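Thanks for asking me to look through this one with you. Have the structure open while you read, and find each residue as its name comes up.

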Amino acid sequence: MTNSRQITHSRILVTGGAGFIGSNLCEKLLHQDNEVICLDNFSTGKRENLTHLLPNPHFKLLEGDIRNPQDCQLAVQGVDYVLHQAALGSVPRSIKNPMLTDEVNVNGFVNILFASAQAKVKRFVYASSSSVYGDYPHLPKVEHLIGKPLSPYAISKYTNELYAQVFSQLYDIQCIGLRYFNVYGKRQNPEGEYSAVIPRFVGKLIRHESPVIYGDGEQSRDFTYIEDVLQANQLAAITTNENASNQVYNIAFCGQTTLKDLYNLLVELLIPFDEKIALVIPTFTENRKGDVRHSYASIDKAKQLLDYQPQFYIKEGLQNTISWYWDTLSQ
Ligand SMILES: NC(=O)c1ccc[n+]([C@@H]2O[C@H](COP(=O)([O-])OP(=O)(O)OC[C@H]3O[C@@H](n4cnc5c(N)ncnc54)[C@H](O)[C@@H]3O)[C@@H](O)[C@H]2O)c1
């Protein structure tokens, strides 16, 4: 390592590397002189997210499934760090198909965690989620105060945390869980039933269709720019702070943006590309099942133990992303 905040000269497995967060991780780590292995089954990830990385001799793509223990064993061979991102995201998807969410997010997690323990990787960093807070009303969310889960997805992510805790004791593997809060940035899938709110709004606005806002639009989220998530993953992998391992951390910006404010911000940023977007009017409809009203993180623990320092206010992160959306969606 040449820099205590970045992973360099290491061999890293990124599961779910063809997805939004995973492909950004692969790209960043390759730029920093690492060998990167991506394990993905392309269920929600896209080949085009990796096209630009395939010619790099330090990049290896393994098409496989975390539900298959052999694929996991193959992927972890000789690896220093595992950054586990593969999962089926989306609360509504998990309500529609809880069995599949459980198979991938829980069974798949145990497979990759067990394979990582057997391969004696230096650290296993995995994506948890703010959904773990469930119905706990207190704001901001602090790591040790969680409520009852509100969806199968939340159960799956909380189960990951329990497994990581137990595996760290039983198999002597160092694990760190990152509870991401509404991540956004380039390559976040704008299409499909289960897309996240920012790409969904942008996609609709670019097509001059009315974006749907569930509820009154006053619900808020702690939107987190992808670069801050990449920073958190690297810090979690290489921290030498003995108290930092075998813990979970909120990874967020520590800001509260209502969906109405988000909507207005996106319109403002898109008008320079197409002034007619100012004429689009959103549609308000009833709340979605399983959604929490407010989600806002304390990031003190990550700041103190990992030296996490988020850099991107929502406006700046969206400004960096908006031309990617325009180029991707306006053709
Ligand atoms: N994006 C967010 O705001 C957010 C918030 C909280 C947590 N997370 C978590 O972060 C991780 C990454 O999310 P994302 O937004 O990049 O999602 P994504 O859907 O873009 O990426 C997930 C990747 O995992 C792959 N995958 C799914 N099932 C697999 C399987 N069985 N075997 C191998 N690969 C498989 C998919 O093909 C995809 O490439 C997930 O664990 C998600 O639950 C994301």
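The numbered points below go from the ligand to the protein interior and then to some backbone details.

1. Please keep in mind from the start that this is a predicted model.

2. Let's begin with the ligand. It is surrounded by 27 residues, and the closest are Asp40, Thr44, Asp65, Tyr153 and Val183. Sorted by character, the residues of this shell are 12 nonpolar, 11 polar and four charged.

3. Which atoms of Asp40 come within 2.5 Å of a ligand oxygen, backbone or side chain? Look at the side chain: an N or O atom there is 2.5 Å from an oxygen atom of the ligand. For Gly19, by contrast, a backbone N or O atom lies 2.9 Å from a ligand oxygen atom. Gln85 also uses a backbone N or O atom, at 2.9 Å from an oxygen atom of the ligand. The protein covers 91% of the 820 Å² of accessible area that the ligand has on its own.

4. Now for the elements around the ligand. Helix H1 (20–31), strand S5 (123–129) and helix H5 (152–170) each give two or more residues to the shell. S5 gives the most, with three residues.

5. Gln85 also leads us to Asn233, as a polar contact of 3.4 Å joins their side chains. Asn233 lies in helix H7 (residues 226–238). Its relative accessible area is 0%, so Asn233 counts as buried, the cut-off being under 20%. Beyond its neighbours within four places in sequence, its contacts include Leu25, Leu83, Val125 and Leu178.

6. Leu178 is a good way into the interior. The largest nonpolar core has 70 residues, and Leu178 is one of those with the most contacts inside it, along with Ile198, Ile251, Leu262, Leu266 and Leu318. Among the residues that Leu178 touches, leaving aside those within four places in sequence, are Val125, Tyr126, Ala232, Asn233 and Ile251. Another core, of 26 residues, lies apart from the largest one and includes Ile37, Leu88, Ala117 and Phe167.

7. Finally, check the backbone. Most residues other than glycine have a negative phi, and most peptide bonds are trans. The peptide bond from Leu139 to Pro140 is cis, with omega near -10°, and Pro140 is found in the loop between S5 and H5.

8. Where does His208, with its positive phi near 60°, sit? Its place is the loop between helix H6 (197–206) and strand S8 (212–214). Cys254 has a positive phi of about 80° and lies in the loop between strand S11 (247–251) and strand S12 (257–258). His208 is partly exposed at 38% relative accessibility, and Cys254 is partly exposed at 33%.

Technical notes:
Residues numbered from 1 in each chain as written. Heavy atoms only, no water. Near = heavy atom within 4 Å. Polar contact = N/O pair within 3.5 Å; in protein donor to acceptor, adjacent residues only side chain to side chain. Areas by Shrake-Rupley, 256 points an atom, 1.4 Å probe, with all protein chains shown as cover. Helix = DSSP H or I, 4+ residues; strand = E, 2+ residues; numbered from the N terminus. Nonpolar A, V, L, I, M, F, W, Y, C, P; charged D, E, K, R; others polar. Buried < 20%, exposed > 50% of the residue type's maximum accessible area, 1.4 Å probe, protein only. Contact = heavy atoms within 4.5 Å. Core = buried A, V, L, I, M, F, W, Y, C linked by side-chain atoms within 4.5 Å.
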